[in-house]
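User: I would like to go through this model term by term, asking in each case what the label rests on. Please set each value against its cut-off before you conclude.

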Amino acid sequence: QVRLAASGGALVQAGGSLRLSCLVPEPFFSTNRIGWYRQAPGNERVLLGSIIYDRRAEYVDSVQDRFTISKHTANNTVDLLMTSLKPEDTGVYYCNVVSPWREPALDWGQGTQVTVSS
């Protein structure tokens, strides 16, 4: 079973930026929607945004205009660039294939911890 692993997490100050990366094997990279999720302490995992093909990425309101999802064909990665980080962005970040029903399609892989200090 394929599992996607997120990487790049770190401790950053509020207002800072961070780029996370997710290596996505074929055929998922070329044919499926890929999403970024966050699980904040004590909360459920939530979908923050996703991208498919070369279309414009979709985002939830809380990260719109601060987070950017991009695909990189050179190395089959889907990145999450986070700017203007807030303490409430703290959590474990995951990537996964997103089904047409906007549900995670694969078993969860390794997440990466992002901690935003105030």
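**Labels and the values behind them**

Analyst: A disulfide joins cysteine 22 to cysteine 95, with an S to S distance of 2.0 Å. The model is a predicted one, in which local features need pLDDT of at least 70 and side-chain atom pairs count only at pLDDT 80 or more, while totals for chains, interfaces and linings use all residues. Residues are numbered from 1 along each chain as its sequence is written, and side-chain values use heavy atoms, with hydrogens and water left out.

User: Why is the link of cysteine 22 and cysteine 95 called a disulfide?

Analyst: The term requires a pair of cysteine sulfur atoms within 2.5 Å, and the S to S value for cysteine 22 and cysteine 95 is 2.0 Å. The structure holds 1 disulfide. This pair links distant parts of the chain, since cysteine 22 belongs to strand β3 (residues 18-23) and cysteine 95 to strand β9 (residues 91-98), 73 residues apart; helices (H or I, at least four residues) and strands (E, at least two) are DSSP runs, numbered from the N terminus. The link is right-handed, with 80° about the S-S bond.

User: How do you know whether cysteine 22 is buried or exposed?

Analyst: Buried means under 20% relative accessible area, exposed over 50%, and partly exposed in between, with a 1.4 Å probe and protein chains only. Cysteine 22 has 0% relative accessibility and therefore counts as buried. Cysteine 95 is buried as well, because its relative accessible area is 1%.

User: What makes tyrosine 37 and tryptophan 108 an aromatic pair, and why is it called edge-to-face?

Analyst: Rings of Phe, Tyr and Trp (its six-membered ring) pair if their centres lie within 6.5 Å, and planes under 30 degrees apart count as stacked, over 60 as edge-to-face and the rest as tilted. By this rule the count comes to 2 aromatic pairs. For tyrosine 37 and tryptophan 108 the ring centres are 4.8 Å apart and the planes stand at 85°, so the pair is edge-to-face. It links distant parts of the chain, with tyrosine 37 in strand β4 and tryptophan 108 in the loop between β9 and β10 (112-117), 71 residues apart. Tyrosine 37 is buried because its relative accessible area is 3%, whereas tryptophan 108, with 26%, is partly exposed.

User: Why is the pair of tyrosine 94 and tryptophan 108 edge-to-face?

Analyst: Their ring centres are 5.6 Å apart and their planes lie at 65°, so this pair is also edge-to-face. Tyrosine 94 lies in strand β9 and tryptophan 108 in the loop between β9 and β10, so the contact ties together parts that are 14 residues apart in sequence. At 13% relative accessibility, tyrosine 94 counts as buried. Tyr37, Tyr94 and Trp108 form one aromatic cluster.

User: Over which rings does the charged end of arginine 45 sit, and what makes that a valid description?

Analyst: A charge sits over a ring if NZ of Lys or CZ of Arg is within 6 Å of the ring centre and within 35 degrees of the ring normal. The charged end of arginine 45 sits over the ring of tyrosine 94, 4.0 Å from its centre, and over the ring of tryptophan 108, 4.2 Å from its centre. Arginine 45, in β5, is also the bridge partner of glutamine 39.

User: How do you know that strands β4 and β5 pair?

Analyst: Two strands pair if DSSP finds at least two bridges between them, and β4 (residues 33-39) and β5 (residues 45-51) are joined in the antiparallel sense over 6 bridges. Both belong to an open sheet of 6 strands with mixed pairing, in the order β2-β10-β9-β4-β5-β6. The edge strands of this sheet are β2 (11-13) and β6 (58-59), each of which pairs on one side only.

User: What makes the phi values of aspartate 65 and asparagine 76 notable?

Analyst: Most residues other than glycine have a negative phi, and most peptide bonds are trans. Phi of aspartate 65 is near 75°, a positive value, and phi of asparagine 76 is near 55°, also positive. Aspartate 65 lies in the loop between β6 and β7 and is exposed, because its relative accessible area is 73%. Asparagine 76 lies in the loop between β7 and β8 and counts as buried, at 18% relative accessibility. A cis peptide bond, with omega about 5°, joins glutamate 26 and proline 27.
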